Amino acid sequence: MQERYRTVAREGVHEIEINRSRFLCRLAPAATEQEAQDVIQRVRKEHSTATHNCFAYVIGADGGVQKASDDGEPGGTAGVPMLQMLLRREIRYAVAVVTRYYGGVKLGAGGLIRAYGGAVGEALDALGTVTRQRFRLVTVTVDHQRAGKLENDLRATGRAVREVRYAEAVTIELGLPDADVDAFREWLADTTAGTAALELGGEAYQDA
């Protein structure tokens, strides 16, 4: 698995104008290919009168799923440069849809490639990106008496606490880099005098 990847910080739209053609780039996070397709359909419905709605998306921390569409523009002049911009910026789990309203001036193949790729690049700059780091999910179970102090200590030492649940005992879920698990196990035993239980879960990503 990838140790980290970058994705778009939030969904949004950035517009540029080139030779009277308007290019509106919508960027959105997409956890699955279906989510990416949902965004594309939403944009197509919203801009049904546009000349073109071209798209590109990359799903998977390793970029395993990649798709692009020129939506009627000359082959290779829209979707591919959009996809290349996402890959060059190491963007994952994201979809870009560039809507073009034709302004009456032909841009030529080179102009289209620069316009579509540039629209994605400018949108990434405008909307921002976040880096997500791979973590091991860890669940700590502790008695109520020690839970408050333990949670404070975890947060004070910069541990990524994800969830705290109160029942007969208190369970605290957090994310740790794999390399930190053994040291954390020792720290937990010292801090709770050996009374806390630790359970390792699967792997996930969260903001670095």
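This report describes the cores, the salt bridges, one helix and some backbone features of a predicted model.

Residues are numbered from 1 along each chain as its sequence is written, and side-chain values use heavy atoms, with hydrogens and water left out. Because the model is predicted, local features need a pLDDT of at least 70 and side-chain atom pairs count only at pLDDT 80 or more, whereas totals for chains, interfaces and linings use all residues.

**Annotated region and cores**

UniProt, in an unreviewed entry, places the feature "domain: Impact N-terminal" at residues 20–124; its positions are given here in the numbering of this report, feature names are shortened, and annotations may be inferred rather than shown by experiment. Over residues 20–124 the chain is 39% helix and 29% strand, with 22 Å between the end C-alpha atoms. Helices (H or I, at least four residues) and strands (E, at least two) are DSSP runs, numbered from the N terminus.

A nonpolar core is a set of buried Ala, Val, Leu, Ile, Met, Phe, Trp, Tyr and Cys residues joined through side-chain atoms within 4.5 Å; buried means under 20% relative accessible area, exposed over 50%, and partly exposed in between, with a 1.4 Å probe and protein chains only. The largest nonpolar core has 26 residues, of which F23, C25, L27, M82, V98, Y116 and V120 touch the most other members. Two or more residues of this core come from each of β3 (21–29), β4 (52–59), α2 (79–88), β6 (94–101) and α3 (108–127), and α3 gives the most, with eight residues. When residues up to four places away in sequence are not counted, V120 touches C25, M82, M85, L86, A96 and V98, contact being heavy atoms within 4.5 Å. A second, separate core of 15 residues includes V138, L150, L176 and A196.

**Salt bridges**

A salt bridge is a side-chain nitrogen of Lys or Arg within 4 Å of a carboxyl oxygen of Asp or Glu, and by this rule the count comes to 17 salt bridges. Three of the pairs are set out below.

| Pair | N to O distance |
|---|---|
| E73 and R100 | 2.9 Å |
| R136 and E203 | 3.7 Å |
| D143 and R146 | 3.8 Å |

The pair of E73 and R100 links distant parts of the chain, 27 residues apart, with E73 in the loop between β5 (65–69) and α2 and R100 in strand β6; both E73 and R100 are buried. The pair of R136 and E203 also links distant parts of the chain, with R136 in strand β7 (residues 129–142) and E203 in strand β10 (residues 197–207), 67 residues apart. R136 counts as partly exposed because its relative accessibility is 22%, and E203, with a relative accessible area of 31%, is partly exposed. In the third pair, D143 is partly exposed at 32% relative accessibility, and R146 is partly exposed at 32% relative accessibility. Salt bridges that share partners also join E11, R26, R42 and E46 into one network.

**Helix α4**

The expected span of a helix is 1.5 Å times one less than its number of residues; the 13 residues of helix α4 (residues 144–156) should therefore span 18 Å, and the end C-alpha atoms are 19 Å apart, which agrees. At the start of α4, a side-chain oxygen of D143 reaches to within 3.2 Å of the backbone nitrogen of Q145.

Which residues of α4 are buried? They are A147, L150, E151 and L154, and what covers them includes β7, β8 (160–166), β9 (170–176) and α5 (181–191). An α-helix has 3.6 residues a turn, so residues three or four places apart point the same way. E151 counts as buried because its relative accessibility is 16%, and, leaving aside neighbours within four places in sequence, E151 is in contact with V164, Y166 and I172.

**Positive phi angles**

Most residues other than glycine have a negative phi. N19, although not a glycine, has a positive phi of about 50°; N19 is placed in the loop between β2 (12–18) and β3 and counts as partly exposed at 45% relative accessibility. E90, also not a glycine, has a positive phi of about 60°; E90 lies in the loop between α2 and β6 and is partly exposed, with a relative accessible area of 47%. Just after α4, G158 takes a positive phi of about 80°.

How values were computed: A polar contact is a pair of N or O atoms within 3.5 Å; within protein, one must be able to donate a hydrogen and the other to accept it, and residues adjacent in sequence count only if both atoms are side-chain atoms.
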